[in-house]
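Q: Please pick one sheet in this model and go over it closely, strand by strand, together with what sits around it. I'd like to follow along with the coordinates open.

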Amino acid sequence: MAISNAEGLPSNMKLLRPKPTKAAIDFCMDSEVQHTNSYTYNLYRPIDLEKLWNSAIRQHNRQHKHCTGYLRFDSKNSRQWGWGWTEQLYCETCGYVSESCKMYEDEKTDNDIPKRGRRRSQLNLGIQTALMAASKTANHVGEKIVTMSKASMESLREKDVADITTCGLEKPDLINAEMDGRYNNPLFNGDRTPYQGATQVTMTLCE
């Protein structure tokens, strides 16, 4: 399609932000593309990655001296733990499989008392420290973050009490507020029940 430019001369129309010629899903579904997981991004510690590759190369050469195969990440047996990964390598030619290796360091504790379940990753705790100011949630955070958060909430409560006292209200430990909710589906949908059925609700609180 031909259009005129600012000077009135004919010009070909071009998109300012052209779309990619091939979507990611099309790339992964292409029969000629193998090992699509190798094109993704994982977070590794260099020291752990060095140990995995060096030990796997030595062991592979000892067990299969004449093999010229290519070592790859065994994506079928990769295990994700938060942001961290546990990986192992395999050879397509001889079928060699290396030992599984953690690509992160476990949390260090001050005592030797074992905790139930799997140990937490220092990587996950460190990322939560970096995201303290962001609206993110996590199952576990560092003890210092918990202490700082409690101190911050206590300071905010003390400020609220001081502000309410300044306003002359009788009960400074109470905050007058109104709340309303908005559901993700209309009232006439769902089963015949006196209650509101919804999977999500947004609450608005006004002081």
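What follows is a tour of one sheet, then its surroundings, then another pair of strands to set beside it.

A: First, the ground rules. This is a predicted model, in which local features need pLDDT of at least 70 and side-chain atom pairs count only at pLDDT 80 or more, while totals for chains, interfaces and linings use all residues. Residues are numbered from 1 along each chain as its sequence is written, and side-chain values use heavy atoms, with hydrogens and water left out.

For orientation, the protein has four helices and nine strands (DSSP runs numbered from the N terminus, helices being H or I with at least four residues and strands E with at least two). Along the sequence they come in the pattern β-β-α-α-β-β-β-β-β-α-α-β-β. Of the 207 residues, 15% are buried (under 20% relative accessible area; exposed is over 50% and partly exposed is in between, with a 1.4 Å probe and protein chains only).

Now zoom in on the open sheet of three strands, which has the order E4-E5-E7 and antiparallel pairing. Strand E4 (79–81) and E7 are the edges: each has a single partner strand, so one side of each has no neighbour in the sheet. Two strands count as paired if DSSP finds at least two bridges between them.

Start with E4 and E5, which are joined by three antiparallel bridges. Find Gln 80 and you'll see Trp 85 of E5 opposite. These two strands make a hairpin with two residues between them, and Gly 82 in that turn has a positive phi of about 70°.

On to the other junction: strand E5 (residues 84–87) and E7 pair antiparallel over two bridges. Here Glu 87 is partnered with Cys 101, while Thr 86 is partnered with Lys 102.

What about cover over E5? As a rule, side chains in a regular strand alternate between the two faces of the sheet. In E5, Gly 84 and Thr 86 on one side are buried, and so are Trp 85 and Glu 87 on the other, which leaves both faces covered.

Lys 102 deserves a second look, since the Thr 86 partner also forms a salt bridge with Asp 106, the closest N and O atoms being 2.9 Å apart. (A salt bridge is a side-chain nitrogen of Lys or Arg within 4 Å of a carboxyl oxygen of Asp or Glu.) Asp 106 counts as buried because its relative accessible area is 18%, whereas Lys 102 is partly exposed at 36%.

Next, back up into the loop between strand E6 (89–91) and strand E7 (101–102), where Ser 98 sits. Ser 98 has a relative accessible area of 8%, so it is buried. Its side chain reaches the backbone nitrogen of Leu 89 at 2.7 Å. Apart from neighbours within four places in sequence, Ser 98 is in contact with Leu 52, Ala 56, Gln 59, Gln 88 and Leu 89 (contact means heavy atoms within 4.5 Å).

The loop between E6 and E7 also supplies one of the structure's six salt bridges. Glu 92 pairs with Arg 72, with 3.6 Å between the closest N and O atoms. Arg 72 lies in strand E3 (residues 71–73) and Glu 92 in that loop, so the pair ties together parts 20 residues apart in sequence. Both partners are partly exposed, Glu 92 at 43% relative accessibility and Arg 72 at 25%.

For a contrast, look at E8 and E9, an antiparallel pair joined by six bridges. Glu 178 stands opposite Cys 206 of E9 there. E8 is hardly covered, as zero of its six residues are buried. The side chains of Met 179, Tyr 183, Val 201, Met 203 and Leu 205 make a nonpolar surface patch of about 510 Å². Strand E8 (178–183) and strand E9 (201–206) each give two or more residues to this patch, and E9 gives the most, with three. Patch members have over 30% relative accessible area and no salt bridge; nonpolar side chains (Val, Leu, Ile, Met, Phe, Trp, Tyr) are joined within 5 Å and like charges within 9 Å. Areas come from the Shrake-Rupley method with a 1.4 Å probe, counting only the protein chains shown as cover for residues. Val 201, in strand E9, counts as partly exposed because its relative accessibility is 40%.

Note on methods
A polar contact is a pair of N or O atoms within 3.5 Å; within protein, one must be able to donate a hydrogen and the other to accept it, and residues adjacent in sequence count only if both atoms are side-chain atoms.
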